[in-house]
Each structure stands twice: as structure tokens, then as C-alpha cells.
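User: I am new to this structure and would like a close look at one part of it. Please walk me through the charged side chains and the places where they sit.

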Amino acid sequence: MTPAAHHQINKLMETYFEGLHRADSALLRQVFHPRLAYVCATEGDELYLDLDTYMARVDGRDPPARRGDPRDEAILEIAFASPRLARVTARMSMMGRDYLDHLTLVPHEGALRIVTKVFTYIPQKD
């Protein structure tokens, strides 16, 4: 894909990471598709949520930024199936866990948005 397409996804991911770090549902709604499917695939903690239910959970969190936790994340892969379909694999550490996210992006209102967030996590060792 084009450098502009990669730039768009990198910008989206910066907003995604910042929104999670600040537990800011308004910021996260900028990157999520309204029909988001949120799936935790961690054994024993399987979970399936829609956007509004997930945003209510985010609103109830103690933000990592407020606790002084440093941001620790990386985009591991960006893959394009077409101009209308992309996948991002990312990792991040927050709230005492290491996360691996598989995000699927499709167009919504003229820009790519995350329509599925499927992830797993492992607790960090002290």
C-alpha cells in the first residue's frame, strides 16, 4: 500500500494507544467503528463486547496515565488486503498485563476504523 495509507494507520494507532493510556473513551471512539466487536481470547477470561459496553468499561478504569505508568507499546505488523481492509498486530503493556492485539480495520465515514479487536494477555511477572 501507499505511504499515505501506512501514515493513516500509524496516526490511528497513536490515537488508539493514547486513548487506552488515558482511559479516554471519547478519544477511542475516534478510532473504533460503531459496530466494533471486542473479543478477549485469554483462556478463562473469554469476553465478547460491543462498542458501548467496552467504552463503559474504559470509563470505569483508573487511567494508567494518571497512575504515572509509562506508555509501552509497539505496532508489530500492518497488513493490507485491499484499500478497504487492513490488519494491525500490536503489543502493549498496561494495568499489570502484557497484551497482544489483532485489529481489523475497514472504512467508516471516509477513514479506516477498527471494527474488530481480538486480543489476549498474560500477567506481568513482578
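Analyst: Let's begin with Arg29, which counts as partly exposed because its relative accessibility is 38% (buried means under 20% relative accessible area, exposed over 50%, and partly exposed in between, with a 1.4 Å probe and protein chains only). Please keep in mind that this is a predicted model, in which local features need pLDDT of at least 70 and side-chain atom pairs count only at pLDDT 80 or more, while totals for chains, interfaces and linings use all residues. Residues are numbered from 1 along each chain as its sequence is written, and side-chain values use heavy atoms, leaving out hydrogens and water.

Which residue pairs with Arg29 in a salt bridge? The partner is Asp52, and the closest N and O atoms of the two are 3.0 Å apart (a salt bridge is a side-chain nitrogen of Lys or Arg within 4 Å of a carboxyl oxygen of Asp or Glu). Arg29 belongs to helix H2 (residues 25-29) and Asp52 to helix H3, so this pair ties together parts that are 23 residues apart in sequence (helices, H or I with at least four residues, and strands, E with at least two, are DSSP runs numbered from the N terminus). While Arg29 is partly exposed, Asp52 counts as exposed, because its relative accessible area is 51%. Side chains of opposite charge can pair when their charged atoms come close.

How many salt bridges are there by this rule? The count comes to eleven. Some of them join up: Glu14, Glu18, Arg22, Asp24, Arg71 and Glu73 are linked in a network of salt bridges. Looking at one link, we find Glu73 bridged to Arg71, with their closest N and O atoms 2.7 Å apart. Glu73 has a relative accessible area of 23% and is therefore partly exposed. Arg71, at 27%, is partly exposed too.

Between Arg71 and Glu73 in the numbering comes Asp72, and Asp72 has a salt bridge with another partner, Arg91, at 2.9 Å from N to O. Asp72 is in the loop between helix H4 (64-67) and S3, whereas Arg91 is in strand S4, so the two tie together parts that are 19 residues apart in sequence. How open are these two side chains to their surroundings? Asp72 is partly exposed, because its relative accessibility is 33%, and Arg91 falls in that class as well, at 29%.

Now for a charged residue that goes without such a partner. Lys117 sits in strand S6 (residues 111-123). What is the nearest side chain of opposite charge to Lys117, and how far away is it? It is Asp101, at 4.1 Å, and Lys117 is buried yet has no salt bridge (Lys and Arg count as positive, Asp and Glu as negative, and His and the chain ends are not counted). Asp101 is still a contact of Lys117 (contact means heavy atoms within 4.5 Å). Leaving aside neighbours within four places in sequence, the residues touching Lys117 also include Tyr16, Leu20, Leu36, Ala37, Tyr38, Val39, Tyr54, His102 and Leu103.

Glu109 offers another view of a charged residue. Its place is the loop between S5 and S6, and it counts as exposed because its relative accessibility reaches 75%. The backbone of Glu109 has a positive phi of about 50°, although the residue is not a glycine. Along the chain, Glu109 is 76 residues from His33, yet the C-alpha atoms of the two are separated by 9.4 Å.

Ala23 shares that backbone feature: its phi is near 50°, a positive value in a residue other than glycine. Ala23 lies in the loop between helix H1 (3-22) and H2. Is this residue buried or exposed? With a relative accessible area of 13%, Ala23 counts as buried.

For a last stop, turn to an uncharged side chain, Phe80, in strand S3 (residues 73-82). Phe80 is partly exposed, because its relative accessibility is 22%. Not counting residues up to four places away in sequence, Phe80 touches Met1, Ala5, His6, Ile9, Leu85 and Ala86. From Phe80 to Val58 the separation is 22 residues in sequence and 29 Å in space, C-alpha to C-alpha.
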